[in-house]
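Colleague: Could you walk me through this one? I'd like to go spot by spot.

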Amino acid sequence: MFKRLIVVLVLLGVLVSACATPPTAVPATEAAPTEAPATEAPTVEPVEPFRIAVIMPSAITDMAFSQSMYSALIAVQTEMGGESALEIKYSEGMFKVPDAAAAIRDYASQGFNVVIAHGSQYGASVQEIAVDFPNVTFAWGTDVNTFGMPNVFAYTAAAEQGGYINGVLAAMLTKTKTIGVTGPVEVGDAKTYVDGFVQGVASVDPAIKVSKTWTGSFSDVALMTEAAKTHIAAGADILTGSSQSVVGSIGAAKDNGSVLWFGTQQNQSSLAPTLVVASQVYDWSGMIKEIIANNKAGTLGGQAYVLQLKNDGLKIVFNPDYALSAEIKAAGEKAIADIIAGTITVNP
Amino acid sequence: MAHGVPTNEKQQIQRVEMCNITKCFPGVLANDRVCFDVNQGEVHALLGENGAGKSTLMRQLYGLYRPDEGEILINGRPYTFNSPADAIEVGIGMIHQHFMLVPTMTVAENVALGLKSSREPMLDLDKVSARIRELSQLYGSIIDPSAYVWQLSVGEQQRVEIIKALYRGASLIILDEPTAVLTPQEVNDLFVTLKRMVKDGHTLIFISHKLHEVMAISNRVTVLRDGCLIGTRLTSEVTRNELVKMMVGRDVRQLNPQPLKSGPVRLEIQGLQAMGDRGTEALRGINLQIHGGEIVGLAGVSGNGQRELAECLAGVRKTNHGTILMDSVDISFMPLKQRIDSGLAYIPEERMRDGAVREFSVQENVFLHDHASPKYTHGIFLDFARMRVFASELVKNFNVKTPGLDTPIKNLSGGNIQKLIMARELSRQPKVLIAAQPTRGVDIGATEYIHQRLLQQREEGIAIFLISEDLDEICVLSDRIAVLYEGRIMGIVERNEATVEQIGLMMAGISMTEAMQR
Amino acid sequence: MNDVFQLSVVAGILTSAIRLATPYLYAAIGEAFSQRSGVVNLGVDGIMLISAYASFYIVLNTGSIWLGLLAAIVVGLLMGLLMAFISVTLKAEQGISGIGLYMFGLGLSSLLFKTTIGTVKTVTGFQPVKIPLLGDIPVVGEIFFQHSLLVYGAFLLVPLAWFVLEKTTWGLKNKSVGQNPAAADSLGVNVDRVRYVSVCIGAILAGIAGASLSISLLNLFQDNLTAGQGFIAVALVYFGGWKPVGILWGALLFSTVNAFQLWMQVLGVKIPSDVAIMLPYLLTIAALAITINRVRQPAALNKPFERGES
Ligand SMILES: Nc1ncnc2c1ncn2[C@@H]1O[C@H](COP(=O)(O)OP(=O)(O)OP(=O)(O)O)[C@@H](O)[C@H]1O
Ligand SMILES: [Mg+2]
């Protein structure tokens with residue numbers, strides 16, 4: 001009947017918009033401005049490119065978690081000689097785990113060398129799927145559990161280390177002695193970052209008040225913004241926080257005009273050039289290169305990587321547009337050195 | 001501007017002609033080259049069995065449907081109505097078989113709906129209310145314009161419908177079975193109103209199944225059968241029996257049930273008390289026994305507790321006090337389903353609302369309650385073949401006019417939906433049958449059939465409780481007649497023991513002893 | 001713990017609540033227009049998203065907040081026409097159509113965001129405007145009279161919507177087609193047209209709700225910016241019993257409790273954050289459970305109208 005037809009049409013529309021848009025699997029290389037070096041390189045042999053696929057919970061432009069992985073992949077690709085050496089495919093916005101699991105399985109069966117499941121919520125799916133593809137390397141994080149499988153790598157970031165540095169700097173900058181932390185959900189690196197931050201502040205002045213809010217969502221920008229405004233109303237002159245929804249917190253800081261911000265996961269300076277003091281940046285490129293090397297050497301998994309200040313996986317990027325006094329910057333750099341040297345230990 | 005009389009801005013309708021109207025629905029030819037006309041100041045009755053095509057014909061005159069073929073002439077000029085707005089514009093109004101009111105809106109809002117206000121875009125309900133008071137007083141008693149429609153009795157709702165048409169300056173008003181839902185007293189009131197309207201220059205088209213009403217009010221009668229025009233007669237020149245024959249195509253027998261030896265008590269009601277919808281006491285201690293093989297009729301003016309009593313017996317209304325025994329088993333606290341399973345059949349008064357699902361097919365409605373019965377199942381599966389045979393038998397026996405068993409019942413004519421539900425309930429072979437208004441809105445042929453079936457069930461030893469506002473029906477069928485007044489039973493009389501007048505007195509609250517002496 | 005009862009904290013909570021309630025008010029009152037006419041539009045969140053994107057894009061490129069608002073309205077209207085076409089003209093199942101519309105809005109907004117903007121940016125949107133005199137009253141002025149125009153607009157919408165729905169001839173038509181379309185039709189009311197207009201008003205208001213996020217409250221756009229606010233707005237319509245004032249109370253309750261729990265966290269009141277986060281939802285559900293008996297939904301909700309069904 002006519003009505004049935006319409007229902008079918010509507011359903012089709014739903015399907016099309018569901019499949020076609022959020023998880024666009026556009027080859028990353030199209031966007032990467034790296035054509036030139038690839039063609040110049042004379043040493044290129046007519047070998048098959050190394051192929052990596054990545055599944056991410058948010059968008060590659062989220063200024064946070066997903067973007068950090070995507071940027072690292074592009075950097076490695078450029079270094080290796082472009083598309084012909086390293087092929088990258090990605091699925092973003094996979095906030096629904098069953099969709100992500102389907103994508104993981106798809107990529108594995110399409111013969112990718114490495115499939116990266118970039119989200120701690122994907123662990124169970126990786127554990128299940130990796131068994132069926134013993135020749136494919138799976139990497140997932142943030143976690144340290146490889147499930148005892150020879151073809152699974154796990155990775156995580158010791159976010160508490162950068163948190164500690166940010167905490168030291170923030171403690172020296174606050175005038176109101178009140179600092180606000182806007183967190184999403186109290187798990188994973190969001191939690192460890194905040195724990196490190198609190199320890200860093202306390203190391204300078206235990207009397208400084210650090211208040212924390214959790215919104216219960218990685219994506220609720222509106223509530224995150226309101227949380228930030230609440231901190232400011234309660235007297236905070238410095239804010240920090242993690243997840244893709246902190247763009248809201250940074251916006252709130254910017255609206256206020258004089259509240260400073262410390263970033264994590266990505267370099268967030270561009271969002272508020274005069275207010276961002278420093279960002280802890282995740283650099284997964286070293287880890288990616290190691291995974292590629294291991295894979296080529298026949299080691300498909302079985303190890304856990306931890307990004308640290310020591311192994312250059314974590315970097316503290318100071319915002320050049322913010323005039324940080326030399327004294328404070330020096331204190332920060334000393335703390336970095338101490339953590340690398342092991343004279344300061346930060347508990348996650 | 002004369003009150004209630006068609007205004008001068010609108011041209012007065014002198015004559016309406018519908019010529020060779022044909023209207024097809026999927027599987028049904030609802031009107032087949034029907035011609036119909038009506039002149040100013042006349043009451044033209046339209047008769048026909050359920051599904052004959054009366055409503056369909058009138059809906060085309062009101063712009064709700066468009067004829068497939070044929071022409072509508074008003075004062076000699078052809079008109080095409082694309083929507084009721086066009087019909088209203090030329091001065092046609094329609095009171096529908098199923099009321100077209102919004103229950104959650106007030107009377108004034110229902111009347112004002114769709115009209116330009118004097119303060120456009122704002123509502124002017126004060127002005128509307130004033131006019132409603134005027135109009136309602138002119139044609140009967142005042143209706144409170146600020147009352148919500150759901151608070152009104154059926155009779156009052158109908159008056160709102162009439163006021164809606166008058167308010168719009170209708171000079172021709174179509175009344176589609178206006179009396180089907182009214183009590184005898186309300187019918188009298190309606191007739192007074194209608195006569196007044198005719199005197200004021202209105203023209204009426206009157207649809208009914210009740211011949212005495214047609215004889216009483218109309219100037220001319222047109223009879224339809226199966227979508228075809230059978231004929232148009234002057235009322236003064238035709239007899240009741242002739243009309244019956246035109247409608248049904250055969251003679252209808254008069255029933256004359258013989259007394260039976262009644263069996264043991266099957267239904268016993270002791271001291272039943274219950275509240276009504278509006279929180280007032282509706283039943284104030286009912287005591288009644290019904291034997292197997294007996295029909296007990298419950299007479300009474302509607303609103304005296306009939307509906308509440310039926311609902312208490314069916315288990316869909318809470319009782320405050322008292323017990324109900326069926327075959328000596330206390331069923332007072334059983335839910336409806338369990339009562340049905342233990343042998344109670346219930347034909348609700350609001351069959352459209354409580355007894356059927358409009359979107360379901362004819363067959364699905366037949367098996368609404370019994371789909372899980374072992375008769376129609378193999379393990380967990382339904383035996384569709386057997387269900388189909390049974391459903392088609394019912395449809396045939398009760399003469400339900402439907403294109404097929406899979407037609408959703410919302411496409412059946414009003415009377416045919418009634419027949420289908422009756423058929424279902426009567427086929428269940430219960431111990432006790434409660435029938436509320438079983439022939440309301442049903443045509444003569446089907447009424448005869450339903451009456452026969454009730455008597456047949458009685459012969460099979462079933463106890464039947466017949467609740468009806470049609471006193472004739474009660475007097476013909478019942479072995480004993482109980483009269484209900486303000487939640488109490490005024491008295492119980494044997495058939496032929498009391499005259500219709502005496503029962504009428506008891507219905508008005510006169511005690512039995514006093515009534516029997518007059 | 002005593003901090004919670006300080007005047008400044010109470011003022012802070014109320015100020016936050018008023019801001020938080022703004023998008024819900026626009027979206028839910030819009031949805032009430034639609035639902036009162038009998039059309040459930042579950043696509044509100046999708047409309048909010050795509051309008052939020054459109055207004056943000058325009059403000060980013062032209063700098064004009066008014067053009068941005070206009071863009072949100074136009075895009076909302078287009079989405080409304082689409083929804084009305086599918087659910088009123090084609091009479092498709094409303095629930096499915098609405099979810100389809102949501103997916104469409106979500107997908108398209110994120111695709112466009114990626115291709116035309118690419119990364120998170122901020123704009124200068126509607127700024128707080130202090131209302132003369134009233135804005136200077138201590139505490140009260142701060143709570144109520146120092147917001148952006150779109151926030152005032154949301155609260156002014158409540159009496160305006162009430163007036164349109166309850167006091168105009170069109171409001172009566174809107175209600176009647178949602179309660180008994182056959183009755184409205186029999187009086188010459190064009191049921192489909194009334195539903196079209198109602199759905200479009202709802203969609204335009206959903207569009208403004210989106211703009212209130214992207215160019216007033218947050219001044220930025222990101223994938224799935226609304227994070228499901230449109231669905232909460234639909235729930236608020238039920239909560240508010242299809243009445244603007246009821247919706248106002250619902251939105252205020254929800255956002256006040258949300259603001260309250262944020263303040264409790266900031267002040268370090270010792271409750272687990274999970275409990276704090278659930279608080280607004282729990283309270284709203286509890287309030288709904290208490291009021292549910294009095295709620296009466298439009299009788300023809302979710303039912304396409306075809307003449308001759310009666
Ligand atoms: N909308 C519709 N779609 C399909 N069939 C219809 C529709 N309306 C009416 N019919 C069919 O047309 C025939 C005539 O119906 P109509 O309602 O005109 O009968 P009626 O004479 O008014 O009967 P009643 O006395 O029972 O009201 C019936 O067979 C009915 O099933
Ligand atoms: Mg009829």
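Modeller: Sure, starting with Asn50(B): among the residues that it touches, leaving out those up to four places away in sequence, are His209(B), Lys401(B), Ser413(B), Asp443(B) and Ala446(B); a contact means heavy atoms within 4.5 Å. Keep in mind that this is a predicted model, where local features need pLDDT of at least 70, side-chain atom pairs count only at pLDDT 80 or more, and totals for chains, interfaces and linings use all residues. Residues are numbered from 1 along each chain as its sequence is written, chains are lettered from A and ligands numbered from 1 in the order written, and side-chain values use heavy atoms, with hydrogens and water left out.

Colleague: Is Asn50(B) buried or exposed?

Modeller: Its place is in the loop between strand 3 (43-47) and helix 1 (54-61) of chain B; helices (H or I, at least four residues) and strands (E, at least two) are DSSP runs, numbered from the N terminus. Buried means under 20% relative accessible area, exposed over 50%, partly exposed in between (1.4 Å probe, protein chains only). Asn50(B) has 2%, so it counts as buried.

Colleague: Which protein donors does the magnesium ion (ligand 2) have?

Modeller: Donors are N, O and S atoms within 2.8 Å of the metal (3.2 Å for Na, K and Ca), and water is not among the atoms, so sites may look incomplete. Two protein atoms lie 2.0 to 2.2 Å from the ion: Ser55(B) (OG) and Gln97(B) (OE1).

Colleague: And how many residues apart is that pair?

Modeller: Ser55(B) sits in helix 1 of chain B, and Gln97(B) in the loop between strand 6 (92-95) and helix 3 (107-112) of chain B. The pair thus links distant parts of the chain, with a separation of 42 residues.

Colleague: How many residues of strand 13 of chain B are buried?

Modeller: Both faces are covered, with Glu294(B), Val296(B) and Leu298(B) on one side and Ile295(B), Gly297(B) and Ala299(B) on the other. The strand (residues 294-299) is largely enclosed by the rest of the structure, because the buried count is six of the six.

Colleague: Which residue of strand 20 of chain B stands opposite Val296(B)?

Modeller: Strands pair if DSSP finds at least two bridges between them. Strand 13 of chain B runs parallel to strand 20 (residues 463-467) of chain B, joined by five bridges. Opposite Val296(B) stands Phe465(B).

Colleague: Which chains have the most contacts?

Modeller: Chain A and chain B share no contact, and their closest C-alpha atoms lie 13 Å apart. Of the two pairs of chains that touch, the one with the most contacts is A and C.
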